[in-house]
Amino acid sequence: MPGGGVISIGSTDPNRIEAPMTPKAYFICAFAAFGGIFFGYDSGYVNGVMGMPYFIHEFANLPYPEAGASADYFIIPSWRQSLIVSILSAGTFIGAVVSGDLADYLGRRTTILMGCGIFSVGVVLQVASSAYSLLIAGRLIAGLGVGFVSAIIILYMSEIAPRKYRGTIVSAYQFCITVGILLASCVVYATQNKRDSSAYRIPIAIQWIWALVLAFGLAFLPESPRYFVKKGRLDRAALSLSKIRGQPVDSEYIQDELAEIVANYEYEKQAIPQTGYLSSWANCFKGSIFVPSSNLRRTLLGTSAQMMQQWTGINFIFYFGTTFFTQLGTIDNPFLISLITTLVNVCSTPISFWTVERFGRRPLLIFGALGMVVCQFIIAIAGTVDGKSPTTVKVEIAFICIYIFFFASTWGPGAWVVVGEMFPLPIRARGVALSVSSNWLWNCVIAVITPYMVGRDKGDLGPKVFFVWGSLCVGCFFWAYFLVFETKGLSLEQVDRLLEESTPRKSSKWAPSTTYANDMEIEIKDGHMERLGHVENKEVV
């Protein structure tokens, strides 16, 4: 602390381990969610661009169809669609994995800023492209930047958000993703009929604005105090925490919260020694899969949460929706239907701001999965029995919108919240990075295989593909019921205690009875920590 001040041993009250927040402090936390916009926009524009007549003409080198003639031939080949969409996900997978190291060495905020810079380079290459090779290279590089941002934004928000509203603030990230998808749909809808390169270059170029806004704003935001604690710079941690909470640096509230963070970190280090680079990665996989608090169990929970989110099939709609709606055969304007589904996604997500803190994480994921299962099987059955009827197609579109409602209000934000809360500080950056890279890995897999599943020149499943997504959502239901803990209202440090003392199905009734600061009795003086008391060593089991 500046001036050689001493931070007290910390609060003994588990309800008084976090400083109160000011409106300015809430704005700081919420602004970080803006990173979701360019993530969502980048994911959303490609859906419409691949259906643009000029893009197909330019990149596939096909003549425009004559008026009244069949246009079945006038489409990007399935393997090209697969490559264009999936290459971004491949880049984000690599970027997400690498970002865990950078976030620990350079800081959360610096890593996000680096991601914005890399993303901008990818955007320039995509805008300049007039053939597949440069477009694909640009999407790969942009993907690296998106990987940085998508992983570390979740980490940053989870570490700075107040415990009572952490679920809401992290859910705002998903909301910003949906806004980004909507903005992309609007821009693509406006430029779809242009007969020059501006048709696809305008949608691609606009995404650079979102990276610029995020980078500019983050330049004025504080670094995560938990990053400084991990680096042993407790004076900087106190200063950062005071800016985030809007309290004086020598406030008793700041002292108590910092003491709890430091005590928890010291407690976790007993079981997670930082002995080297490779061992620090190996720490993510230590312990027994049958012990909820083990690092291995947490890592599997985080990575499977993101895998399950992709298994819901939502990106089938947002990556290939325009092409799918065209193939249904009775829709006059598939771009408009795609825009409507995006609007449903945006309007449904804010519901989670309230429900994630009112009802909790477990109920959202359990009932969200159940709702999606029902909708997807109705779509699949209706399309299989009478898929050529205009009335049946309208029913399919209606239930696709209801299915999107269930996803957007539950699994969309819920999976991000679970990942942000699951890991102890010594492995948090790498754990979150691994989890988000799982999202992008499965995003890539789905982007690769889906054109082969539904393409007319390949599997041609049509609405039957929803049998696949519905079956996978059954797995999501059982995963949420048996594995997800209820963590609403708990600090990140209290979540660690919850995993040690409870089980998923009993977690909603658990309440903290003590604090790490009280158990370990620490004193922080002149930016250094001294332990005055003793706590039993935590064992990895």
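**Notes on the charged residues of this model**

1. Let me start at the surface: Arg-236 is partly exposed, with a relative accessible area of 37% (buried is under 20%, exposed over 50%, partly exposed in between, using a 1.4 Å probe and protein chains only). Arg-236 sits in helix H10, residues 234-245 (helices are DSSP runs of H or I with at least four residues, strands E runs of at least two, numbered from the N terminus).

2. A word on what you are looking at: this is a predicted model, where local features need pLDDT of at least 70 and side-chain atom pairs count only at pLDDT 80 or more, while totals for chains, interfaces and linings use all residues. Residues are numbered from 1 along each chain as its sequence is written, and side-chain values use heavy atoms, without hydrogens and water.

3. Arg-236 has company, as Lys-24, Lys-231, Arg-233 and Lys-243 join Arg-236 in a surface patch of positive charge. Such patches take residues with over 30% relative accessible area and no salt bridge, like charges being joined within 9 Å and nonpolar side chains (Val, Leu, Ile, Met, Phe, Trp, Tyr) within 5 Å.

4. For the overall picture, the protein has 22 helices and 3 strands, and 60% of its 541 residues are buried.

5. You will find 12 salt bridges in the structure (a side-chain nitrogen of Lys or Arg within 4 Å of a carboxyl oxygen of Asp or Glu). One of them pairs Asp-104 with Arg-430, with the closest N and O atoms 3.4 Å apart. Asp-104 is in helix H4 (residues 78-105) and Arg-430 in helix H19, so to speak a link between distant parts of the chain, 326 residues apart. Both Asp-104 and Arg-430 are buried. They also belong to a salt-bridge network with Asp-101, Arg-108, Glu-159, Lys-230 and Arg-428.

6. Glu-421 and Arg-166 make another salt bridge, at 2.9 Å between the closest N and O atoms. Glu-421 lies in helix H18 (residues 390-421) and Arg-166 in helix H7 (residues 166-191), so this pair ties together parts 255 residues apart in sequence. Glu-421 counts as buried at 1% relative accessibility, and Arg-166 is buried with a relative accessible area of 1%.

7. Back in helix H10, Arg-245 meets Glu-257 of helix H11 (residues 252-269), 12 residues apart, in a salt bridge of 2.8 Å, N to O. Arg-245 is buried at 0%, and Glu-257 is buried at 2%.

8. Finally, Thr-450 of helix H19 (residues 428-454) is buried, at 0% relative accessibility. Leaving aside residues up to four places away in sequence, Thr-450 touches Phe-316, Phe-320, Gly-455 and Trp-469 (contact means heavy atoms within 4.5 Å).

Key:
Areas by Shrake-Rupley, 256 points an atom, 1.4 Å probe, with all protein chains shown as cover. Lys, Arg positive; Asp, Glu negative; His and termini not counted. Charge placed at Lys NZ, Arg CZ, Asp CG, Glu CD.
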